[in-house]
Amino acid sequence: MTGLPYGLAGPLHIEEPFSTWKLVAAGFFLWLAYRVLRWLSRRWRANRAARPAPETPAAPATTGLGAVVEEIRRRTREDYRRGCHELAAALRRHLEQNRDSSPAGPHPFPILTAREIARRLGDTAVSRFFGLLAELQFRRREPSKSDFEGACDLAIEIVGQSGGLR
């Protein structure tokens, strides 16, 4: 091959880094690893679903509105927006029943909006709580379980403070 013009050399033979059988074997082992991981994932999910949910400790006995809030919390499983609506209705009924002791006097709380309640009661924990509940009830994104649980805890705390009306 020395007869090439201008000092050109002949083609060099470069070996392929992977031969065909090595590519086929690697593909087979990748497929096998995928199948094993998929089987393990399904088995783990099935075991997790079959496991019973841990028992929640019983809440301390509460009376009045606290018991109603705990009942709403216990009943609400998936639809937390509906739970927020029930919680707001229970608090409105409680305010209506205790309206004589309200600093703002008698008001039809079940038909008032959160802003109207805030305007009539002033800047109190109850009026701020109704604002939070309104946001949970009517925002675009569904409230999460932690949002709902926090609202229930806050409702019990507010009711515990001076009957929930100051």
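Okay, let me start with one residue: glutamate 142, which is partly exposed, with a relative accessible area of 41%. Keep in mind that this is a predicted model. Glutamate 142 pairs up with arginine 81 in a salt bridge, and their closest N and O atoms are 3.7 Å apart. The glutamate sits in the loop between α5 and α6 while arginine 81 is in helix α3, so this pair ties together parts that are 61 residues apart in sequence. And the arginine end? Arginine 81 has a relative accessible area of 19%, so with the limit for buried at under 20%, it counts as buried.

Let me step back to the whole chain for a second. We've got six helices and zero strands, so to speak α-α-α-α-α-α from the N terminus on. Of the 166 residues, 27% are buried. If you take the contacts with a separation of 6 or more, 58% of them are between residues 24 or more positions apart. The chain exposes about 12500 Å², with carbon and sulfur atoms supplying 59% of that.

Back to charges. How many salt bridges does the structure hold? Eight. One of them joins glutamate 86 and arginine 75, at 2.6 Å from N to O. Here glutamate 86 comes from helix α3 and arginine 75 from helix α2, so the parts being tied together are eleven residues apart in sequence. Arginine 75 is partly exposed, at 42% relative accessibility.

Then there's arginine 73 with glutamate 70, where the closest N and O atoms are 3.9 Å apart. Both are in helix α2, residues 65-75, and being three residues apart they're separated by about one helical turn. Arginine 73 counts as buried, at 15% relative accessibility.

Now, aromatics. There are three aromatic pairs in the structure. Phenylalanine 28 and tryptophan 31 make a tilted one, 6.1 Å centre to centre with 35 degrees between the planes. Those two are both in helix α1, three residues apart, or about one turn of the helix. Why would that spacing suit a pair? An α-helix has 3.6 residues a turn, so residues three or four places apart point the same way. Both are partly exposed: phenylalanine 28 at 45% relative accessibility, and tryptophan 31 with a relative accessible area of 48%.

Compare that with tyrosine 80 and phenylalanine 148, whose ring centres are 5.8 Å apart with the planes at 35 degrees, so that pair is tilted as well. Tyrosine 80 belongs to helix α3 (residues 80-97) and phenylalanine 148 to helix α6 (residues 145-160), so this contact ties together parts 68 residues apart in sequence. Buried or exposed, these two? Both are buried.

Going back to helix α1, ring pairs link Phe28, Phe29 and Trp31 into a cluster. Those residues also belong to a nonpolar surface patch, together with Leu32, Val36, Leu37, Trp39 and Leu40, and the patch has about 860 Å² of accessible area in total. Leucine 37 is in helix α1 too, residues 20-50, and at 58% relative accessibility it counts as exposed.

Last stop, helix α5, residues 125-138. It has 14 residues and reaches 20 Å from first C-alpha to last, close to the 20 Å expected at 1.5 Å a residue. Its buried residues include Phe129, Phe130, Leu133 and Leu136, and Gln137 is on that list as well.

Technical notes:
Residues numbered from 1 in each chain as written. Predicted model: local features only at pLDDT ≥ 70, side-chain atom pairs only at ≥ 80, totals over all residues. Heavy atoms only, no water. Patch = residues over 30% accessible without salt bridge, like charges linked within 9 Å, V, L, I, M, F, W, Y side chains within 5 Å. Areas by Shrake-Rupley, 256 points an atom, 1.4 Å probe, with all protein chains shown as cover. Salt bridge = Lys/Arg side-chain N within 4 Å of Asp/Glu carboxyl O. Helix = DSSP H or I, 4+ residues; strand = E, 2+ residues; numbered from the N terminus. Buried < 20%, exposed > 50% of the residue type's maximum accessible area, 1.4 Å probe, protein only. Phe/Tyr/Trp six-rings, centres within 6.5 Å; stacked < 30°, edge-to-face > 60°. Contact = heavy atoms within 4.5 Å. Expected span 1.5 Å × (residues − 1).
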